[in-house]
Structures are given as C-alpha cells and as structure tokens.
Amino acid sequence: EEILTDRQQMVGLDRRRNKNREALSALRRIERQGAEVAAAQKHWVCMGETFARHSQAEARAMLEADQSRLDAEIERLRAEVKRKTSTVCELDPTMCGQG
C-alpha cells in the first residue's frame, strides 16, 4: 500500500511540476517581448489555495523555487519506492517475478 501511495503522490507532484513548467514558459515568452513589457506586468500566482499578484521577477523566482522543491520531493519518493520495492522482493521473491 505504501508503494502505491508513494507512486500516486509522485504522479500528483509531476502534474504540478508540469504546470509550473508551462507557467515558466509563458513568463519567458513575455520576457522575449522586451524587458520593459515584462517589468510593467503583474501576474496572478496561485500558491496553495491563495492567489496573489506578483511582478515578473517575483513570479519567476517563486515558480523556480517551487520547481526545485518538487524535483527534490519526487527524487526522494523515487528512492523510497525503490527501497520499499526491494524490501518486498526480499520478503516474497514470487511478487517480483523471481523464484
């Protein structure tokens, strides 16, 4: 059960990471229009259940920080899934296609 729960959590975090990636791409497209255009705009950013308006630089920094945190959390979960799967295989080799 723990392995399945961790995998579901990884899927949810990966979806969030993809949404962050899309948002960062949108911010980069705005930056390509020029520094003045980017500096003049404020963007709505959703963090958790809260929406707030931030400048281009603040929004990008927040998204990049969240992206780093999500990457670290996904890697931690991957390592946990590997460890737990190895433990299950040691306890019952027939579950892992061995024996």
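The exercises below work through the helices, the hairpin and the salt bridges of this structure.

The model is predicted: local features need pLDDT of at least 70, side-chain atom pairs count only at pLDDT 80 or more, and totals for chains, interfaces and linings use all residues. Residues are numbered from 1 along each chain as its sequence is written, and side-chain values use heavy atoms, with hydrogens and water left out.

**Exercise 1. Helix α1**

Task: State what span is expected for helix α1, and which of its residues are buried.

Solution. Step 1: Helices (H or I, at least four residues) and strands (E, at least two) are DSSP runs, numbered from the N terminus. Helix α1 covers residues 2-32 and has 31 residues.

Step 2: The expected span of a helix is 1.5 Å times one less than its number of residues. For α1 this gives 45 Å, and the helix reaches 45 Å from its first C-alpha to its last.

Step 3: Buried means under 20% relative accessible area, exposed over 50%, and partly exposed in between (1.4 Å probe, protein chains only). The buried residues of α1 are Asp-6, Met-10, Leu-13, Arg-17, Asn-20, Leu-24, Leu-27 and Ile-30.

Step 4: The cover over these buried residues includes α2 (35-40), β1 and α3 (56-91). Just after α1, Gly-34 has a positive phi of about 135 degrees.

**Exercise 2. The hairpin**

Task: Describe how strands β1 and β2 are joined.

Solution. Step 1: Two strands pair if DSSP finds at least two bridges between them. Six bridges join β1 (residues 42-47) to β2 (residues 50-55), and the strands run antiparallel.

Step 2: Met-47 stands opposite Thr-50 in β2. Two residues lie between the strands of this hairpin, and Gly-48 in the turn has a positive phi of about 75 degrees.

**Exercise 3. Asp-6**

Task: Decide whether Asp-6 is buried or exposed, and list its contacts.

Solution. Step 1: Asp-6 counts as buried because its relative accessibility is 9%.

Step 2: Contact means heavy atoms within 4.5 Å. Leaving aside neighbours within four places in sequence, Asp-6 is in contact with Leu-77, Glu-80, Val-81 and Lys-84.

Step 3: A salt bridge is a side-chain nitrogen of Lys or Arg within 4 Å of a carboxyl oxygen of Asp or Glu. A network of salt bridges links Asp-6 with Glu-2 and Lys-84.

**Exercise 4. Salt bridges of Arg-17 and Glu-64**

Task: Find the salt-bridge partners of Arg-17 and of Glu-64, and place each pair in the chain.

Solution. Step 1: By the rule above, the count comes to 11 salt bridges.

Step 2: Arg-17 pairs with Asp-14, the closest N and O atoms being 2.6 Å apart. Both lie in helix α1, three residues apart, about one turn of the helix. An α-helix has 3.6 residues a turn, so residues three or four places apart point the same way.

Step 3: Arg-17 also forms a salt bridge with Asp-71, with closest N and O atoms 3.0 Å apart. This pair links distant parts of the chain, Arg-17 in α1 and Asp-71 in α3, 54 residues apart.

Step 4: Arg-17 is buried because its relative accessibility is 14%, whereas Asp-71 at 31% is partly exposed.

Step 5: Glu-64 meets Arg-60 in a salt bridge (3.0 Å, N to O). Both lie in helix α3, four residues apart. Glu-64 is partly exposed at 35% relative accessibility, and Arg-60 is partly exposed at 22%.
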